[in-house]
Amino acid sequence: MKFETRAIHDGQPTDPATGAVTTPVYQTSTYEQDAIGKPRGYEYSRTGNPTRAALEQALASLESGRHGLAFASGVAATTAVLNLLGPGDHVLAGSDLYGGTYRLLEKVFRRWGVDTTYEDTGDVARFAGAVRENTKLIWIETPTNPLLHVADIRAVAEAVRGRGIRLVVDNTFASPALQRPLELGADIVVHSTTKYIGGHSDLIGGAVVTSDDEAFSAIKMYQNAAGAVPGPWDCWLALRGLKTLAIRMERHSRNAEDLALFLQKHPSVERVYYPGLPEHPGHDIARRQMSGFGGMISAELKGGYEAVQAAVGKLKVFVLAESLGGVESLVCYPPKMTHASFSSDERAKRGIKDNLLRLSVGIEHVDDLKADIQAALGER
Ligand SMILES: *Cc1c(COP(=O)(O)O)cnc(C)c1O
């Protein structure tokens, strides 16, 4: 069946006990066993919960993977994957990375002897050249946060095939509705379901999907052992979000394409980063590996930080907030918000300038979004 149908039905049959059409919220910590050593499938909700299982199955299906695992947050999912590693292992990561992933690699995993180096993914041969003898994991995002660089997933997978290295793609910015890394050769997909999958800015969650049985067993063991699992309500909200993911992503993408063109022509805007723009360096790759260009835009404003502050102060529809991927449009200033965990040197090295704004374009009417931006950038 097609994506849109699977999003609504996979992992979510009508409830066997009552016929309820919607997967119930199984708000229970434990389960009756028929006899000692004879549970009916569930024993304890850290280990497994039917609402969570529905979400895990649905996510696996949508990412074209065999196994899905849900976590209490995106960084909990990231932590679970990084726990495949041990002291002495090396991670090769893309240089334009979610700030929290960078913090985890540098502030937590480095202390346990996991070394990470960062390379631009734009030139795949050069990126793959940074693989070391002890490299066990490659971690990339595409499109990236906040500069929306595009990495060629298939090319990276092919460049490192057969070397015992797992390729992980953080697919949060695209969502499985627009891009499915496992189909392109990645081994593991990670999500912050907080973003597009939840889609309504009302939950924190994460997920891992893989068809690698060995990685799945290890991550599942870790999920139960470390215990960063989502509660049934959050799983239910994520499932509810999933059902409309495809149509939301269509509208997010359409609105963002329209706004990117509008911003590009605006005299107060210095530069626009959006993979849907033909002059974006990753445009052709994005066209090939994504079915839409997504709802995220970054832009540099003329006039530096003062101009950014003034514009943000005037926006009325775009809400100043961290996060992304909800139905409502948000604006964020990466240097002081999402990317504050990078030093200013690190930011400069990565090309994150002081006049950068990031927009999460919602599904409001695009005319209202344009009018809001026009009013904010207008009189200067
Ligand atoms: C938000 C985000 C995360 C972390 O997810 P949380 O749910 O906030 O823990 C990881 N990667 C990307 C790309 C994100 O945007």
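A disulfide is defined here as a pair of cysteine sulfur atoms within 2.5 Å. By this criterion, the structure, which is a predicted model, holds zero disulfides. Two cysteines were examined for solvent exposure. C235 has a relative accessibility of 1% and therefore counts as buried, the cut-off for that class being under 20% relative accessible area. C332 is likewise assigned to the buried class because its relative accessibility is 1%.

With regard to overall architecture, the chain comprises 13 helices and 14 strands. Its 380 residues would give a radius of gyration near 21 Å if arranged as a compact globule, and the value computed for the chain, 21 Å, agrees with this expectation. Along the principal axes, the C-alpha atoms fill a box of roughly 75 × 50 × 35 Å. Of the 380 residues in the chain, 56% are buried.

The ligand environment was analysed next. The ligand is surrounded by 13 residues, of which G74, D170, S192, T194 and K195 come nearest. Classified by residue type, this shell consists of four nonpolar, six polar and three charged residues. Polar contacts to the ligand involve both backbone and side-chain atoms, as follows. A polar side-chain atom of D170 is placed 2.6 Å from a nitrogen atom of the ligand. For T194, a polar side-chain atom lies 2.7 Å from a ligand oxygen atom, whereas V75 contributes a polar backbone atom at 2.9 Å from an oxygen atom of the ligand. The ligand taken alone exposes 380 Å², and 92% of that area is buried by the protein.

How values were computed:
Residues numbered from 1 in each chain as written. Predicted model: local features only at pLDDT ≥ 70, side-chain atom pairs only at ≥ 80, totals over all residues. Heavy atoms only, no water. Buried < 20%, exposed > 50% of the residue type's maximum accessible area, 1.4 Å probe, protein only. Near = heavy atom within 4 Å. Polar contact = N/O pair within 3.5 Å; in protein donor to acceptor, adjacent residues only side chain to side chain. Areas by Shrake-Rupley, 256 points an atom, 1.4 Å probe, with all protein chains shown as cover. Nonpolar A, V, L, I, M, F, W, Y, C, P; charged D, E, K, R; others polar. Helix = DSSP H or I, 4+ residues; strand = E, 2+ residues; numbered from the N terminus. Rg over C-alpha atoms; globule rule 2.2 N^0.38 Å.
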